[in-house]
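Me: I'm new to reading protein models and would like a close look at one part of this one. Could you take me through it slowly, and then show me what lies around it?

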Amino acid sequence: MSTTTLDIHQILKKIPHRYPILLIDRVLELDKGKRIRALKNVSINEPHFLGHFPHRPVMPGVLMLEAMAQAATVLTLVSLDTELDDNTVCYFAGIDGARFKRPVEPGDQLTLDVTLDRAKAGIFKYTGKAYVGADIACEAELMCTMRRITPC
């Protein structure tokens, strides 16, 4: 078993996301072709907290799903020993069974645990869970695909 860790600089080289939509800060563990554990530090300075909700800031559920998808993308790229170029994008293809179990608030650390379940014909299926401490905050089945795009 080969375990890989990645810091923010290595993550920035892997995926094209940037502030304010880059939602993973560190890869704690990565087992090629199998699983990734990544970390998202939740800060009050993030722009979505201005309106969600001003009286009690809560991380939107869709951003937890996006964070899991970004972790899944890193897992896929490392597993395939490939890099995204300007003409390739990794898209969400589906989300099933999304459940939100507890709110995620500023100051929390969101640990993303994503397992690659299947890769077939360019479609990748994952099981993802997001934790705050030992508590599950969110879980879902994710599907992603890599596609070539036509430059503008």
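In which loop does Phe53 lie?

Reply: Keep in mind as we go that this is a predicted model. Phe53 lies in the loop between β2 and α2. What makes the spot worth a look is the bond leading into it: His52 and Phe53 are joined by a cis peptide bond, with omega about -10°. There's another cis bond to find as well, running from Tyr19 to Pro20, with omega near 10°. Pro20 also sits in a loop, the one between α1 and β1.

Now let's look at the two elements on either side of your loop. Both β2 (35-41) and α2 (61-79) give two or more residues to the largest nonpolar core, and so do β1 (26-31), β4 (109-120), β5 (123-132) and β6 (135-148). That core has 40 residues, and α2 gives the most, with 11. Val74, Leu110 and Tyr126 are the ones with the most contacts inside the core. Try picking out Val74 on your screen. Setting aside its neighbours within four places in sequence, Val74 is in contact with Leu6, Ile15, Ile24, Val27, Leu30 and Ile36.

Strand β1 has something else to show you: Asp31 lies in it. Asp31 has a relative accessible area of 10%, and the cut-off for buried is under 20%, so Asp31 counts as buried.

Next, follow the chain past α2. In the loop between α2 and β3 you'll come to Asp81, which has a positive phi of about 50° although it isn't a glycine. Asp81 is exposed, at 61% relative accessibility. Ala121 makes a nice companion: it also isn't a glycine, yet its phi is positive, at about 55°. You'll find Ala121 in the loop between β4 and β5, and at 75% relative accessibility it counts as exposed.

Helix α2 also takes you to the largest pocket, which has a volume of about 270 Å³. Of the 21 residues lining this pocket, Pro16, His17, Leu84, Val89 and Cys90 are the closest to its centre. The elements giving two or more residues to the lining are α1 (8-14), α2 and β3 (88-100), and β3 gives the most, with five. As for the kinds of residue, the lining has 10 nonpolar, four polar and seven charged.

Let's stop at Cys90 for a moment. Could it be paired up with another cysteine? A search of the whole structure finds zero disulfides. The nearest cysteine sulfur to that of Cys90 belongs to Cys144, and it is 5.0 Å away. A disulfide needs the two sulfur atoms within 2.5 Å, so Cys90 and Cys144 don't count as one. Both are buried, though: Cys90 has a relative accessible area of 18%, and Cys144 is at 2%.

Finally, go to the segment after β6, where Ile149 has its place. Ile149 is partly exposed, with a relative accessible area of 30%. Leaving out neighbours within four places in sequence, Ile149 is in contact with Asp86, Asn87, Thr88, Val89 and Tyr91. You've met Val89 already, among the residues closest to the centre of the largest pocket.

Notes
Residues are numbered from 1 along each chain as its sequence is written. This is a predicted model: local features need pLDDT of at least 70, side-chain atom pairs count only at pLDDT 80 or more; totals for chains, interfaces and linings use all residues. Side-chain values use heavy atoms; hydrogens and water are left out. A nonpolar core is a set of buried Ala, Val, Leu, Ile, Met, Phe, Trp, Tyr and Cys residues joined through side-chain atoms within 4.5 Å. Buried means under 20% relative accessible area, exposed over 50%, partly exposed in between (1.4 Å probe, protein chains only). Helices (H or I, at least four residues) and strands (E, at least two) are DSSP runs, numbered from the N terminus. Contact means heavy atoms within 4.5 Å. On a 1 Å grid over the protein atoms alone, a cavity is a set of points where a 1.4 Å probe fits but cannot get out, and a pocket is an open set with protein on both sides within 12 Å along at least five of seven lines; lining residues have an atom within 4 Å of a point. Grid points are joined across faces, edges and corners, and a volume is the space filled by probe spheres set on the points. Ala, Val, Leu, Ile, Met, Phe, Trp, Tyr, Cys and Pro count as nonpolar, Asp, Glu, Lys and Arg as charged, and the others, Gly among them, as polar.
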